[in-house]
Amino acid sequence: MVFLNSNVAILRLCEKSLKVREIISAEHIGIFAADPNSIAKAEGIGSRLSLPVINVRDAKPLILEVSNTHVSLVYTAPKSPGATLVDFVGGKMGYRSKNSGFKDQDIIKACGIKKGMRPTILDATAGLGRDGFILASTGCKVTLVERNPIIALLLEDGIKRASEVTQTADIAANITFHNCNSVKFINAIISMDMPEVIYLDPMYPHRTKSSLVKKEMRALRDVVGDDFDSDDLLTAALQKASKRVVVKRPKGAEYLADKKPSMSFDGKSTRFDVYFVG
Ligand SMILES: C[S@@+](CC[C@H](N)C(=O)[O-])C[C@H]1O[C@@H](n2cnc3c(N)ncnc32)[C@H](O)[C@@H]1O
């Protein structure tokens, strides 16, 4: 069964110590219903992902815990980090609490969003949707594409909840989501549908402890692994964006595909490389 990166049906799971990295197979993940009312929903998710529904919570090292309201990714080992879920309403991404800071962020400037300019954006590496949600919160129409089915499920769940809450419904309405490979998606774009901006934030092969500190980043890295086709993504994006391609990289990282950007925005830990096209 292939459900992670295209041809890699393995999941890297960090056990109790960050130093202990174990390679385990996809069969170590289960779907768990948090309460009896959520069993039907859990079974639906199990059949969508071709993963078993389990009755004992810690029968697998990693579970998708399903309740009537949420889906979260949970490590069941003792002392594991907390659940990872997509929450655009509360939590760190809580829209109204954070919104005031969004407008000055480098991501906004790199994408060319300013007064009177709300470009259409394709975020081709949607992940847990944090960047996409920031972009959509400015009023831009944003298409999110994510290929990993587990990450896609978490993201869809977060977008759905955001669409049901008054504070975030208008932002969720700016978002369209697709669960597929972006290289194929981008290559299939016809000229009248070209987005003005294509935004890329592929996984960067970190190997250090510090990259595993944030639980969302750890979950993403464990489930997704490395992205091996980032250069292809840039090549495709440069053909199909009508104004610019923006690539998010860690500060000091080499350019994607060794291609020098037109300009960069350098932040404390992140850099946004901008490629003007057309
Ligand atoms: C670093 S994460 C993106 C995080 C995201 N910017 C956010 O704010 O949450 C990279 C994501 O891009 C996805 N990805 C990478 N290459 C892709 C491709 N060719 N097609 C679709 N998704 C891709 C990975 O599966 C992963 O979930």
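# A guided tour from the loop at K79

Begin by selecting K79, which is found in the loop between β6 and α2 (95–102). The model is predicted, and the backbone here deserves a look: K79 has a positive phi of about 65 degrees although it is not a glycine. Is K79 buried or exposed? K79 counts as exposed, because 8 C-beta neighbours lie inside 10 Å, and exposure requires 12 or fewer.

**Confidence along the chain**

Colour the protein chain by pLDDT next. The mean is 85, and 82% of the residues reach 70 or more. Then select residues 1–24, where the pLDDT is below 50; this stretch nevertheless has 53 contacts in the model beyond near neighbours in sequence.

**The four-stranded sheet**

From the K79 loop, step back to β6 and display the sheet to which that strand belongs. The sheet is open, has four strands in the order β4-β3-β5-β6, and shows mixed pairing. Which strands stand at the edges? They are β4 (53–54) and β6 (71–75); each has a single partner strand, so one side of each lacks a neighbour in the sheet.

Select strand β3 (residues 29–33) together with β4. The two pair in the parallel sense over two bridges. Within this pair, I31 stands opposite V53 of β4. Now add helix α1 (residues 39–49), which packs on the sheet and touches β3, β4, β5 and β6. The direction of α1 makes about 160 degrees with that of β3. Helix α5 (residues 149–163) packs on the sheet as well, touching β5 and β6. For α5 the angle is taken with β6, and the two directions make about 135 degrees.

Stay in this sheet and centre the view on I63, in strand β5 (residues 62–66). I63 counts as buried because it has 24 C-beta neighbours inside 10 Å, where 20 or more are required. Show its surroundings: leaving aside residues up to four places away in sequence, I63 touches I29, G30, I31, F32, R57, V74 and T76. Of these contacts, G30 is worth a distance label, since its separation from I63 is 33 residues in sequence and 4.8 Å in space, C-alpha to C-alpha.**The ligand and helix α4**

Move to the ligand and select the 22 residues around it. Which of them come nearest? They are T125, G127, R130, R147 and S182. The elements that give two or more residues to this shell are α4 (130–137), α7 (182–187) and α8 (215–224). By residue class, the shell around the ligand divides into nine nonpolar, six polar and seven charged residues.

Select α4 on its own. How many of its eight residues are buried? Seven of them are, and the helix is mostly covered. The buried residues are D131, G132, F133, I134, L135, A136 and S137. Just after α4, select G139, which takes a positive phi of about 105 degrees.

**The seven-stranded sheet**

Turn to the other sheet. This open sheet of seven strands has the order β9-β8-β7-β10-β11-β13-β12, again with mixed pairing. Its edge strands, β9 (175–178) and β12 (263–266), each pair on one side only. Viewed across the strands, the twist averages 20 degrees from one strand to the next.

Select strand β11 (residues 244–250) and strand β13 (residues 270–276). These strands run antiparallel and are joined by seven bridges. To follow the register, label R244 and its bridge partner in β13, F276.

Next, add β12 to the selection. β12 and β13 pair in the antiparallel sense over four bridges, and S264 stands opposite D273 in β13. How many residues does the hairpin use to join β12 to β13? The hairpin passes through three residues.

**A last stop at D258**

Finish in the loop between β11 and β12, where D258 has its place. Phi of D258 is near 60 degrees, a positive value in a residue other than glycine. D258 is exposed because 7 other C-beta atoms lie within 10 Å. The tour thus ends as it began, at a loop residue: K79 lies in the loop between β6 and α2, and D258 in the one between β11 and β12.

Technical notes
Residues numbered from 1 in each chain as written. Predicted model: local features only at pLDDT ≥ 70, side-chain atom pairs only at ≥ 80, totals over all residues. Near = placed C-beta within 6 Å. Nonpolar A, V, L, I, M, F, W, Y, C, P; charged D, E, K, R; others polar. Contact = placed C-beta atoms within 7 Å. Pairing = 2+ DSSP bridges. Axes fitted to C-alpha atoms, helices over the stretch in contact; angles between N-to-C directions. pLDDT = per-residue confidence, 0-100.
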